[in-house]
Amino acid sequence: MDEKICELLKENLRRNEAISRPYDPIAGDPDDPDRVWFPVKGLECRIPKTMESELFVRELLHFESLEKYLAVTKKCVSQELTDAVIRKWTLLRCRHDFPFWAATFAYIKKKGGGDDVLFVLNRPQRKLVDALEKMRRNGDPIRLILLKARQWGGSTCVQLYMAWLQLVHEKGLNSLIIAHQRAATDEIKDMFDRMLKNYPVDEFEDPEAENEPDDAPGGKKTERVGGAGAAFRVIGRNCKIKVGTAETPNSSRGGDYNLVHCSEVGLWKSTNKKTPEDIVRASTSGVLLKPMTMIVYESTANGTGNFFHKEYVAAAKGESQFTPLFVAWYEIEQYSYPFKDDAAREEFAVRLYERREAQQVDSDRRQPGAYLWWLWERGATLEAIHWYVNERAKYSDHGLMAAEYPSDDVEAFVHSGARVFDRYKVEELRKDCREPAMRGEIDGDAASGEGSLKNLRFSPDANGGLAIWSDREIMRGERVADRYLAVVDIGGRSQSSDWSVVAVFDRLPMISGGKPEIVAQWRGHVDFDLLAWNAARIAKYYDNALLVIESNTLETHDPFRSGGSEQSSFLLNRLRGAYPRLYARKRSETDIREGVPVKYGFHTNTATKPMVISMLVQAIREGLYVERDEKCLSEYLAYEQRQNGSYGALPGNHDDLLMTRAIGLHICLREMPMPAYVLPDDSYTYRQRPVSAAVF
């Protein structure tokens, strides 16, 4: 057997062993780095590290066994005392250990029928609880947006986690659960009824209290609140649990809530009278930003441009309060299809490896070999990929399969167009991405005008718009002509507009057969004229770089309220007077004969946009440049060619960074001359005329 196939099969065995390793929440997960071994005989288990600070835990650790503890501290060993200590230990552990509490007290409906069973977390549920617990243990407000594949109990896990906070941690925590329709609401209410029916009344006490539990009249656990039956109070904890639906938005109004779970948000429908935004605002506006509060948006994906998609994208970009969490299909145990025997597994592994670079398929019900290999590299087992191959045959389109069983959070959202860039090649660019070495601004003697280009200096500022990965390099004794290139994509002034971006390329490596690389980037919102002068400062700072301004926005928007096109020409001509290294469009022979003025800037239109996008596709496919900013990779992955043939970002995404790369690489690799070493006196001669494709 080939050595590579042997390694692949060994790794697959390791992955399967990790998946099938028994999980015992009572004994404690040995693979959980946040747990430690508690060695006291009679109570041995792996406890959360947070329990080590408890006085009772520290007391017990002085003794090798529970029996010794009783003999020394109580002067007596009896079953009654033993039970009392175990009960105290259990209550204390429940406060720190959600998986233990769930597997000890929380009964749920058994899937497939039969008696109710205790809630033992599966693999994706453990991933979800880890994310929630990280926020709680840090003392942060719990804010999570969960994008999931189907059928692993994500909603149930969120609801029981909220119940744990209510029943164990603090009294008076009110919760609200909003489902997408009435049937789901009934399921949620039934889940709570089952759990509370089997929950012992005496467990409602404070875990640290020495006295008896709070009294509940006649052992009654809950009582209805209001007349609709949608809300009830847990008497022993003085907390309310209310269940509503997105179909009746008023059901979420008028309440003091600490914990809110919005379920299947992607399926919520907008009407003339309500939108998902309205419902969420009504239900969460009163939740304070403090510890022991919780808001969770949870859903399978349902297209792009809707509320859930926008909120998830914002969370993934770090632009919201929420932490994003994605659960892929291959992380769910049931999505696995065994092989008939070892020979069949080996044959499948050989095909997978041999076709790992294949991009084409002979049927629309199959995935390319490169995609299946990508699943393997993400951690899927051979058995999981085997399941995927068989399940994929049910669907005539990858988007339909991805909607049900997404492999990552990009493909989860079904879209109408075709992705422009090869996702595998985009991922290869990630290895060179890193945090910038410096951040700040390039300042001059003024904010605009010729004075802004005098006495340039870098001003460090942690919140500055300019990220620098490699500072400018001015050589002594000789210079490099045509080394730096600065490209500008103009956005809007307001914070809700597209970003304005200035990207700087260093072409020096091309002299020795290397690749141009991104060395600096400014990104922000600013008036058009201030952006132009800022870009000129950045270009001049980088050894008088060729400055390319994408001029569509200048020519189609009115920066000075009237005469937009004329004013933009005035602005660029004024800029050209102060900074001669400004890119100009190629003029036809007729334009030259008739004396048509030079037009500065790169104009993106139906002819030039496909041209520069084609160059970017090639550059990514063949690895022709070095990227530094991971945000740009996100734009690549969310860029599509629509059914009408046009290009654009998926709803909720931007393409500002992408366009600076597309235009920049086109000019860098197809128009500019190769960078070359020149004598100092010769290095500025080419700067005395407008630079354009015609000059090149």
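This note sets out points on the sheets, cysteines and cavities of the structure.

1. Basis. The structure under discussion is a predicted model, and the points below should be read in that light.

2. The eight-stranded sheet. An open sheet of 8 strands is present, and its pairing is mixed. Read across the sheet, the strand order is β7-β8-β9-β6-β10-β11-β5-β12. The edge positions are taken by β7 (222–225) and β12 (323–327). Each of these two strands has a single partner strand, so one side of each lacks a neighbour in the sheet. On average, neighbouring strands of this sheet are turned by 15 degrees against each other, with direction ignored.

3. The β7 edge. The partner of β7 at this end of the sheet order is β8, a strand that covers residues 231–234. The two strands run antiparallel and are joined by 4 bridges. Within this pairing, V225 has A231 of β8 as its bridge partner.

4. The three-stranded sheet. A further open sheet consists of 3 strands in the order β13-β23-β24, with antiparallel pairing. Its edge strands are β13 (418–419) and β24 (647–649), and each of them pairs on one side only. Strand β23, residues 639–641, stands between them in the order. It is joined to β24 by 3 bridges, and β23 and β24 run antiparallel. In this pairing Q641 lies opposite Y647 of β24.

5. Cysteines. The count of disulfides in the model is 0, where the criterion is a pair of cysteine sulfur atoms within 2.5 Å. Two cysteines may be described by their burial. C239 has a relative accessible area of 0% and is therefore buried, the cut-off being under 20%. C262 is likewise counted as buried, because its relative accessibility is 0%.

6. Cavities. The structure contains 4 cavities of 30 Å³ or more. The second largest of them has a volume of about 40 Å³. Its lining is formed by E473, I474, M475, E478, R479, V480, R483 and D543. By residue class, this lining comprises 3 nonpolar and 5 charged residues, with no polar residue. The nonpolar members are I474, M475 and V480, whereas the charged members are E473, E478, R479, R483 and D543.

7. Summary for the reader. The points to check against the structure are the edge strands β7 and β12 of the 8-stranded sheet, the edge strands β13 and β24 of the 3-stranded sheet, the count of 0 disulfides, and the charged and nonpolar lining of the second largest cavity.

Technical notes
Residues numbered from 1 in each chain as written. Predicted model: local features only at pLDDT ≥ 70, side-chain atom pairs only at ≥ 80, totals over all residues. Heavy atoms only, no water. Buried < 20%, exposed > 50% of the residue type's maximum accessible area, 1.4 Å probe, protein only. 1 Å grid on protein atoms, 1.4 Å probe; cavity = no way out; pocket = protein on both sides within 12 Å on 5 of 7 lines; lining within 4 Å. Points joined across faces, edges and corners; volume = space filled by probe spheres on them. Pairing = 2+ DSSP bridges. Axes fitted to C-alpha atoms, helices over the stretch in contact; angles between N-to-C directions.
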